[in-house]
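Here are my notes on the model you sent, set out as numbered points. Please read them with the coordinates open.

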Amino acid sequence: MKRIGPLSIIEGPNKSKVPFSRSLYIHSSEKVLIDSGADSNTLIQLHQEEGIDLIINTHYHPDHTQHNYLFPQAEKWLNTIEFQHARTIDGIARSNGIYQEWGQAGIEMWKNNLPEQWIQSIGEITSTYEYEIEYSFSGVKVHFLHTPGHTAGLSSPYFPELGVVYVSDYDMTSFGPWYNGTDGNIEDFITTGSRLLELDADTFITGHQKGIFTKQEFSREMEKFLSIIAKRDELIEQYVLQGLTFEELTNIGIFYPKNTLDVPIFKTWERSGIRKHLQRLGLSVYSEDGRLIALK
């Protein structure tokens, strides 16, 4: 575990690649863990040696909440925007585009494949935290910044006195920005990216893969990261002008590799992401049966 002052950075398997994530641990009398997507054995060992009494989830996605269940004695917090809908499976399904794309039948099918441990991890969240105010854990001060785009409620824990911010899914990966849930928003993603660069911070910790950046590195990578949005715009517009139907667009692999689109949740997010770009571009497409696709 890498340590920055009172903060320890706990890695997930495979360099914290999805479906895992990095976690932060605040060494304080309150024994606080931020996100629980890191390696389960390391988290259990940390609990045995230091204790985990409070888990603060930056957002509801399973790669950041999946190990909540390992610590039944710990209090769990989630941001105020996501708290209500994230406590029900139907609410999560709607926020992930499942109802939008497949209706109630799609939700029922999705429910049948959910790991019980993740359902338990979400169900154990019982309290909320507020955005943009100062929390202090034994003198370690943190602000949970509202940084929407990836989800509507995503927070980025910012430690002003340490010059550290945990930027979660502003992860600078080659995949690019992920806003493919119904509660994701392209324009918010761009705006939040700019806000993060304005912070008085020297260390930017991502939730996945590449890890820790200096401000200079993060600024340079952010430009490349956000430029992927424009590349998606250009690609989608090109295909629309060729007359492709919505179904044909969603089979190309704009977001996910074409050979993974037989996985239902990837197909769902591919469709949802393309809808967002069509709406952003003001473009209309037809379905295979000749219906004009309504952008929702």
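1. Arg-275 has a relative accessibility of 6%, and because the cut-off for a buried residue is under 20%, Arg-275 counts as buried. Please keep in mind here, and throughout, that this is a predicted model. The side chain of Arg-275 meets that of Glu-101 in a salt bridge, with 2.6 Å from N to O. Glu-101 counts as buried as well, at 9% relative accessibility. The pair links distant parts of the chain, since Glu-101 belongs to helix H5 and Arg-275 to helix H10, 174 residues apart.

2. A second salt bridge that involves helix H10 is the one between Asp-233 and Arg-280, whose closest N and O atoms are 2.8 Å apart. Asp-233 lies in helix H8 and Arg-280 in helix H10, so this pair ties together parts of the chain that are 47 residues apart in sequence. Which of the two partners, Asp-233 or Arg-280, is buried, and which is partly exposed? Asp-233 counts as buried at 9% relative accessibility, whereas Arg-280, at 33%, counts as partly exposed.

3. Helix H5 takes part in another salt bridge, in which the side chains of Asp-90 and Lys-111 meet at 2.7 Å, N to O. Asp-90 lies in helix H4 and Lys-111 in helix H5, so the pair ties together parts that are 21 residues apart in sequence. Asp-90 is partly exposed, with a relative accessible area of 26%, and Lys-111 also counts as partly exposed, at 27% relative accessibility. Glu-108 should be considered together with this pair, as Asp-90, Glu-108 and Lys-111 are linked in a network of salt bridges. For the model as a whole, the count comes to 12 salt bridges.

4. The geometry of helix H5 itself deserves a careful look. How far does helix H5 (residues 98-111) span between its end C-alpha atoms? The span is only 11 Å, whereas a straight helix of 14 residues would span 20 Å at 1.5 Å a residue. Helix H5 bends by about 95° at Gln-104, and I would ask that any figure of this helix show the bend at that residue.

5. The buried residues of H5 are Ile-98, Gln-100, Glu-101, Gly-103, Gly-106, Ile-107 and Trp-110. Glu-101, already mentioned for its salt bridge with Arg-275, is thus one of the residues on this list. What covers the buried residues of H5 includes helix H4 (89-95), helix H6 (116-123) and helix H10 (264-281). Helix H4 and helix H10, which are among these covering elements, are also the elements that hold Asp-90 and Arg-275, the salt-bridge partners described above.

6. Turning to the sheet, six strands form an open sheet with mixed pairing, in the order E8-E9-E10-E11-E12-E13. Its edge strands are E8 and E13 (212-214), each of which pairs on one side only. Neighbouring strands of this sheet are turned against each other by 25° on average, with direction ignored. Helix H8 (residues 215-241) packs on the sheet, where it touches E11, E12 and E13, and its direction makes about 100° with that of E13. Within the sheet, strand E11 (residues 164-168) and strand E12 (residues 203-206) run parallel and are joined by four bridges. Ser-168 stands opposite Thr-206 in E12.

7. Three places in the loops should be checked for their backbone geometry. The peptide bond from Val-18 to Pro-19 is cis, with omega near 20°, and Pro-19 lies in the loop between helix H1 (13-16) and strand E3 (23-26). Asp-35, although not a glycine, has a positive phi of about 65°. This residue, Asp-35, lies in the loop between strand E4 (32-34) and helix H2 (40-49), and at 0% relative accessibility Asp-35 counts as buried. Glu-132, likewise a residue other than glycine, has a positive phi near 65°. Glu-132 lies in the loop between strand E7 (127-129) and strand E8 (134-137), and at 37% relative accessibility Glu-132 counts as partly exposed.

Definitions and conventions:
Residues are numbered from 1 along each chain as its sequence is written. This is a predicted model: local features need pLDDT of at least 70, side-chain atom pairs count only at pLDDT 80 or more; totals for chains, interfaces and linings use all residues. Side-chain values use heavy atoms; hydrogens and water are left out. Helices (H or I, at least four residues) and strands (E, at least two) are DSSP runs, numbered from the N terminus. The expected span of a helix is 1.5 Å times one less than its number of residues. The bend at a residue is the angle between axes fitted to the seven residues ending there and the seven starting there. Buried means under 20% relative accessible area, exposed over 50%, partly exposed in between (1.4 Å probe, protein chains only). Contact means heavy atoms within 4.5 Å. Two strands pair if DSSP finds at least two bridges between them. Axes are lines fitted to C-alpha atoms, for helices over the stretch in contact, and angles run from 0 to 180 degrees between N-to-C directions. A salt bridge is a side-chain nitrogen of Lys or Arg within 4 Å of a carboxyl oxygen of Asp or Glu.
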